[in-house]
Structure formats: structure tokens, C-alpha cells
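Here is a short tour of one model, strand by strand and helix by helix. Have the viewer open as you read.

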Amino acid sequence: MVTAEGSGFWAPSTEPAYEDPMLDEVVKAYSVFLEVREPKQHKLFEKRLRDNRDAASSEAAIFSWLRAEKLAPRINEEPGKVGADFHCSPATGIPFLLEVTSLNAV
């Protein structure tokens, strides 16, 4: 367990984050999906990928997970407007909005 100096409380590691090659494939697949289905979103995603890779990777991973869980996610956010990232419409249950956030230790 990593602790803040002398406090006994947990603190994020200062080691570089582990990069999973499978996550890179998920990010690539999401980028291609956006390029084909949501070109405006694709441009924003590519910018986010350059500016904040953790946030972009989180978005791609959550989208992949939502699809695997058959929650029928679709892009909810409109370029230039504030809004939740995804609108999900499960076959059973109530539709819901989902915002993906990445917490970076800086």
C-alpha cells in the first residue's frame, strides 16, 4: 500500500501508470466508431486523446463496457454544449444518462 509520507493515509503512486495494450485496442476501436458514426465527436475525441489520454481512454473503456452489457449506449454530448457523455437505453429498465470522469493524480 502506498501512503502519504508519515500520515498512514493512502496516496496515489508516483510510479508511471500501467499501460494495458488491450486498452489501446479499445481506444482505437472507439476512435474508428466515432470517425464513422459521429465525425464531429471524433475530432473532439482525438483532441481529448492528445490533451488528456486518461480521460479519453476512460470514455472509450466505458463505452465498450456499456455495449458489452447491452445497454445500447449512444453519444449524448453535442459539440460545444455541456451534457452527459452517453445516453443508455437498456432493453429492460429505465433509460439513463452517464458521464465519464477521470481523476488524475497530478
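Three bridges connect strand β2 (residues 86–88) to β3, and the two run antiparallel. Within that pairing, C88 has F96 of β3 as its bridge partner. Strands here are DSSP E runs of at least two residues, numbered from the N terminus, and two of them pair if DSSP finds at least two bridges between them.

A word on the source: this is a predicted model, where local features need pLDDT of at least 70, side-chain atom pairs count only at pLDDT 80 or more, and totals for chains, interfaces and linings use all residues. Residues are numbered from 1 along each chain as its sequence is written, and side-chain values use heavy atoms, with hydrogens and water left out.

The open sheet has three strands in the order β1-β2-β3, with antiparallel pairing. Its edge strands, each pairing on one side only, are tabulated here.

| Edge strand | Residues |
|---|---|
| β1 | 73–75 |
| β3 | 96–98 |

Now to the helices (DSSP runs of H or I, at least four residues). The axes of α2 (residues 39–51) and α3 (residues 53–68) come within 5 Å and cross at roughly 130°. Therefore α2 is oblique to α3 (neither under 35 degrees, nor over 145, nor 65 to 115). Axes are lines fitted to C-alpha atoms, for helices over the stretch in contact, and angles run from 0 to 180 degrees between N-to-C directions. On the α2 side, F45, R48, L49 and D51 meet R53, A55, A56, E59 and A60 of α3, contact meaning heavy atoms within 4.5 Å.
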